[in-house]
Amino acid sequence: MTRLRLALTGVLAAVAGIAVGHLVAAFLAPSASPVLAIGSTVIDLTPTPLKEWAIAHFGTNDKLVLQGSVVVVTLALAAVAGILSRTRRWVGVTLISALVVLAGLAAATRPAFRPVDLLPAVATLVVGVATLLFLRSRALAASRPVADTVQSTGRPDAGPSRRGFVLASVGVAVAAGLVATAGQVRIGAQRVRSLVLPRPASPAEALPTGLDRTVAGISPLQTPTADFYRVDTNLTVPQVDVDTWTLEVDGMVENPFTLTFAELSAMPLIERDITMTCVSNEVGGGYVGAARWLGVRLTDVLGRAGLRGRPDQVLSTAVDGFTISTPLSVVQDGRDAMIAIGMNGQSLTDVHGFPARLITPGLYGFVGATKWLTKLTLTTYAQDQAYWTQRQWVTDAPIKTSARIDTPAPLSTIKAGRTAIGGVAWAQHRGVGKVEVQIDGGDWQQTRLGPDVGIDYWRQWYLPWDAKPGLHRIAVRAVDREGQVQSSERATPFPSGASGIQEVVVTVA
């Protein structure tokens, strides 16, 4: 029982320290919260194959699993610290302190580190050690034989009791829970944006009516902002003050300069319908979305700076120090690469990069879609490497032609009779020419396409089907406007995007 009490003491000391550190970080720098700082460092150090495995198996919950794992390991070590403190108090204090130092070092090694980012670790250390010593004394007192207490005091109920240890432990747990909740509420609070976006100098045409109005189960022609996929390395979403935000342009340029948000939004704006795809998207996956973006042409901004020498990449930096490299040749080939400030008629949301982000049609997001953008550097691949380049992903990553079956859902059971097979296909900056479906290994049948919104936008499609009872296998492939058929060769997302033909099995009853 003594060991159990001391183990609980260590755990509660860690919980209390983490909770207070989390609250302090919520007001200063959320990314410096002990668990978040260690988690971000673990993300950076994790080998690429393991990252892809986590995304494939846990999807958007991969960050939650990571944070849970960090907490479990921390609490296990804290329990050991509590047990070791039984005979040597300094051993437990040292182990608890070492855990906090690791969190502080993790915060200090983040790209956007400031000295103030160490304060959450300091708060964690003070509260953690104090809680350990406080509960340790009560745990040891609660474990003394009753006879010892009577002999020393003359009263069998004198001194800290087992009940006192329980009450102290419950009090610490409740207080830590309230403090951690307050910190999480503070970090997770989404500020209401009231920005009035200027009208575009080059507006997009009105969206046509999509097939989703008539064919049930097909993805909407335009993805609602709340449903748009999110994939990034951030354990906490940066929240940027638009009034103090700036965009710096430097590197191999004649005229380095800095723009405020007001100055950026005063430049001529374009409005374009563009489909974005994450390189981590598996065949048939959901890391793809189509939206209407409002922004400034990237070439307009770079043209103001003027090129010097022979740069071959645009190295873009987010407010947290994260970097992405975009081939300069792609930016300059006439496509609508932009610094976006609006999405689907509204300001960008925090999770999608407020106040400004890059959008590069035809490239996977990891080489052309920096969120929370704050800096553009003209440089060369030989001189500077971005986050994903350092991890051996390709530097030029055109999105691969792909088609997805939305309905019927894989492994579903549908009724026999007239129905529809449908979904979406994309071949950004080449355009979708046609989509074909194969049923039970038969001939490829051409489907009916939805409205054409442009070569940078996806196409909805469907095929009427007289479904017969039994088990059926359905496959789909797309063909771009250049006549290139979607690759049937299976490839994993690393290093240049997944490929292969999606097949689903359904039961018709």
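This is a short walk through the structure, from the whole chain down to single residues.

The model is predicted. The protein chain has 509 residues, and 51% of them count as buried. Its secondary structure comes to eleven helices and 19 strands. Along the principal axes, the C-alpha atoms fill a box of roughly 95 × 70 × 40 Å. Sequence-distant contacts come next. Take the contacts in the chain with a separation of 6 or more: 75% of them link residues 24 or more positions apart.

Start with the helices. Helix α4 spans residues 62-84, and helix α5 spans residues 89-108. Their axes lie 7 Å apart, and the packing angle is about 160 degrees. An angle over 145 degrees counts as roughly antiparallel, so α4 is roughly antiparallel to α5. The crossing of these two helices is left-handed.

Which residues make the α4 and α5 contact? From α4 come Thr74, Leu77, Ala78, Val80, Ala81 and Leu84. From α5 come Val91, Gly92, Leu95, Ile96 and Leu99. By class, this contact has nine nonpolar and two polar residues, with no charged ones.

A second helix pair follows. Helix α6 covers residues 119-142, and α8 covers 162-188. They pack at an angle of about 155 degrees, with axes 8 Å apart. That angle makes α6 roughly antiparallel to α8. The crossing of α6 and α8 is left-handed. On the α6 side, the contact is made by Thr131, Phe134, Leu135, Arg138, Ala139 and Ala142. On the α8 side, Arg162, Phe165, Ala168, Ser169 and Val172 take part. The class count for α6 with α8 is seven nonpolar, two polar and two charged residues.

Now move past α8. Gln222 lies in the loop between α8 and β1, a strand at 246-251. Is Gln222 buried, partly exposed or exposed? Its relative accessible area is 27%, so Gln222 is partly exposed. Leaving aside neighbours within four places in sequence, Gln222 is in contact with Leu207, Asp273, Ala290, Ala291, Arg292, Asn344 and Tyr457. With Asn344 there is a polar contact of 3.4 Å between the side chains. Tyr457 is 235 residues away from Gln222 in sequence. In space, their C-alpha atoms are 9.6 Å apart.

Next comes the loop between β9 (357-359) and β10 (373-379), where Thr370 is found. Thr370 has 1% relative accessibility and therefore counts as buried. What does Thr370 touch beyond residues up to four places away in sequence? The list is Ser316, Thr317, Ala318, Ile324, Arg357 and Leu358. The side chains of Thr370 and Ser316 are joined by a polar contact of 2.5 Å.

Trp372 sits in the loop between β9 and β10 too. Its relative accessible area is 3%, so Trp372 is buried. The backbone deserves a look here. Most residues other than glycine have a negative phi. Phi of Trp372, in contrast, is positive, near 55 degrees.

Gln392 is another non-glycine residue with a positive phi, near 70 degrees. The place of Gln392 is in the loop between β10 and β11. Is Gln392 buried or exposed? At a relative accessible area of 59%, Gln392 counts as exposed. Trp372, by comparison, is buried.

The last stop is the peptide bonds. Most peptide bonds are trans. Where do cis bonds turn up in this model? One joins Thr407 and Pro408, with omega at about 0 degrees. Pro408 lies in the loop between β11 (402-407) and β12 (413-414). Another cis bond joins Phe494 and Pro495, with omega at about 5 degrees. Pro495 is placed in the loop between β18 (470-480) and β19 (502-508).

To review the route: the helix pairs are α4 with α5 and α6 with α8. Both crossings are left-handed. Gln222 pairs its side chain with that of Asn344, and Thr370 pairs its side chain with that of Ser316. Trp372 and Gln392 carry positive phi values. Pro408 and Pro495 each follow a cis bond.

How values were computed. Residues are numbered from 1 along each chain as its sequence is written. This is a predicted model: local features need pLDDT of at least 70, side-chain atom pairs count only at pLDDT 80 or more; totals for chains, interfaces and linings use all residues. Side-chain values use heavy atoms; hydrogens and water are left out. Axes are lines fitted to C-alpha atoms, for helices over the stretch in contact, and angles run from 0 to 180 degrees between N-to-C directions. Helices (H or I, at least four residues) and strands (E, at least two) are DSSP runs, numbered from the N terminus. Angles under 35 degrees count as roughly parallel, over 145 as roughly antiparallel, 65 to 115 as roughly perpendicular and the rest as oblique. A crossing is left-handed if the near helix is turned anticlockwise from the far one by less than a right angle, and right-handed if clockwise. Contact means heavy atoms within 4.5 Å. Ala, Val, Leu, Ile, Met, Phe, Trp, Tyr, Cys and Pro count as nonpolar, Asp, Glu, Lys and Arg as charged, and the others, Gly among them, as polar. Buried means under 20% relative accessible area, exposed over 50%, partly exposed in between (1.4 Å probe, protein chains only). A polar contact is a pair of N or O atoms within 3.5 Å; within protein, one must be able to donate a hydrogen and the other to accept it, and residues adjacent in sequence count only if both atoms are side-chain atoms.
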